[in-house]
2 protein chains.
Amino acid sequence: MRAELEFLQNHSLTSVLRRELETLILSGEFAPGERLNENSLAIRFSVSRGPIREVCRALAEKGLLELVPNRGVFMRRIGEEQAAELYDVRAGLFASAARLLATKVTPEQISELQSLLDRMEEAVLANSLDNYYPLNLEFHDSILRFAGNSRLHKAYSELVKELHLFRERALLQGGGLTVSNIEHRRIVAALGAGDATAAMDAAFAHVLSGKSRMTLPAAADTEHSIGGTAKTTDIA
Amino acid sequence: MRAELEFLQNHSLTSVLRRELETLILSGEFAPGERLNENSLAIRFSVSRGPIREVCRALAEKGLLELVPNRGVFMRRIGEEQAAELYDVRAGLFASAARLLATKVTPEQISELQSLLDRMEEAVLANSLDNYYPLNLEFHDSILRFAGNSRLHKAYSELVKELHLFRERALLQGGGLTVSNIEHRRIVAALGAGDATAAMDAAFAHVLSGKSRMTLPAAADTEHSIGGTAKTTDIA
DNA sequence: TTACTGCAAACTGTCAACAGAATACAGTGC
DNA sequence: GCACTGTATTCTGTTGACAGTTTGCAGTAA
């Protein structure tokens, strides 16, 4: 019961709604550019329009939705240029984390990262994107976590969520995995050596490399994901 | 009249309110941790509570306000640790801008930055913080602008706004100006040489240097700003 | 005097309803 | 058949009101 009381105090209806709608958005429930009907959402969640509107305003501020006066809220549509811009921001945050971590990383953390590198290497050899993808996420997340700056971590995570809205991106070619993991090794090597500048540089270059891997093939084939929820992945 | 119509279409009541309230907050109208009464705000702006609530949700998402269930909205209180974290994020964004700019900067932009450096140098010699401060802002803003990434620029600006909430910081000592401008010169030199890594490194180090200039003296004297709206400045 | 209890006022959370704008569609003229 | 106009519908923007919670205060007992 104690736990339930605490739940009621910390999680208001609005905050629950917010989380719920965010999950819905990130799960691909709505198509890019699709309009969200406030009334429908209100009925769907069995609440009135007030809380729905508040949640939409918050998510719009976060960059997941778009507000058009007198027309309503729309799923944010992220074009190639906007995605490219987001990559630059993400690169800066990731580089910051790497640089901060370089001066304080512990041997245990290095070996944990090494372990991830090895497991990713296996996935590369098996040419298994399905195995590589979650390890890649964990690798990046670990660096952010080890950096020990919760605000930086939060900003990075939100940026990754925002990038998920960019669905018109190409699937990664097999060769990308090899390159990606080589870059990973370079980052860990710099971290292990305590070289802040090199770590920052490698981290930044890695994300930018992912950006070019992502946008270049997309220009050649932009129709592949229309009408489906093709599982696109993001190796950076 | 054309302009007025366009104004009505693009700026809804909520968006105007949002800007207004944000200005109020950043101007120091409310003390850190102070509670904002929804009804008072509604009366003050002659609107109902609905729009006020939506605006507050948006500004809370942005990090300027804090929401406590069943108790209301409060001015966000930023402690020293949080401010330190924000500096790291800011450093990453600024470094990203510097690195991106290094590969595309034009001679005209370099000379514009040089001009700012010279004018800051004058302010340093005159030991005039009042002259130095706006030039310093313009210097940083110019680099973000020249970098040509609007999203990065926006993220940086919002972070600076968020940092403004940290009022318990010390005024800058005179010596800081000299150091700060030396760091500025190092950034511009790297940019002019087209050295992306050096530019990124110098930019990151500069913001972190500003962070230590900010937090160290504050630890020695944390009571200086109580009860007043002392004009504190932020040299980084 | 101090601590506790109970009540009252104030405020937030939520809802339902109204006004105005945008959209879709039927009707009319060419 | 096609473009245009006027109307009806739908949806957003905003408001006022009610329910539940928190806060402040007066009253009481130790």
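These questions and answers cover the sheets, the DNA contacts and the chain interface of a predicted model.

User: How are residues and chains labelled, and which pLDDT do local features need?
Analyst: Residues are numbered from 1 along each chain as its sequence is written, and chains are lettered from A and ligands numbered from 1 in the order in which they are written. Side-chain values use heavy atoms, with hydrogens and water left out; in this predicted model totals for chains, interfaces and linings use all residues, side-chain atom pairs count only at pLDDT 80 or more, and local features need pLDDT of at least 70.

User: What is the strand order of the open sheet in chain B?
Analyst: Strands here are DSSP runs of E with at least two residues, helices are runs of H or I with at least four, and both are numbered from the N terminus. Two strands pair if DSSP finds at least two bridges between them. In chain B, β1 (35–36) and β2 (65–68) are the edge strands, each pairing on one side only. The sheet has three strands with antiparallel pairing, in the order β1-β3-β2.

User: Which residue of β3(B) stands opposite B:Glu66?
Analyst: β2(B) runs antiparallel to β3 (residues 72–75) of chain B, and four bridges join them. Opposite B:Glu66 in β3(B) stands B:Phe74.

User: Which residue in the hairpin of β2(A) and β3(A) takes a positive phi?
Analyst: β2 (residues 65–68) of chain A pairs with β3(A) in the antiparallel sense over four bridges. A:Leu65 stands opposite A:Met75 there. Three residues lie between the strands, and the one with a positive phi, near 65 degrees, is A:Asn70.

User: Which residue of β3(A) stands opposite A:Arg35?
Analyst: β1(A) and β3 (residues 72–75) of chain A pair in the antiparallel sense over two bridges. Opposite A:Arg35 in β3(A) is A:Phe74.

User: What share of the atoms of DNA strand D within 4 Å of the protein is sugar and phosphate?
Analyst: A residue is near the strand if one of its heavy atoms lies within 4 Å of it. There are 20 residues around DNA strand D, and A:Arg35, A:Arg53, B:Leu13, B:Ser48 and B:Arg71 come nearest. Sugar and phosphate account for 74%.

User: How far is a phosphate oxygen of DNA strand D from a polar backbone atom of B:Ser48?
Analyst: A polar contact is a pair of N or O atoms within 3.5 Å; within protein, one must be able to donate a hydrogen and the other to accept it, and residues adjacent in sequence count only if both atoms are side-chain atoms. A polar backbone atom of A:Asn70 is 3.2 Å from a phosphate oxygen of the strand. For an N or O atom in the side chain of B:Thr14, the distance is 3.0 Å. For the backbone of B:Ser48, it is 2.7 Å.

User: What area is buried between chain A and chain B?
Analyst: In contact (heavy atoms within 4.5 Å) are 32 residues of chain A and 33 residues of chain B. Buried area is the accessible area (1.4 Å probe) that two parts lose on being put together, summed over both. Carbon and sulfur atoms give 53% of an area of about 3,000 Å².

User: How many salt bridges lie between chain A and chain B?
Analyst: A salt bridge needs a side-chain nitrogen of Lys or Arg within 4 Å of a carboxyl oxygen of Asp or Glu. B:Arg18 forms one with A:Glu61, the closest N and O atoms being 2.4 Å apart. The count between the chains is ten.
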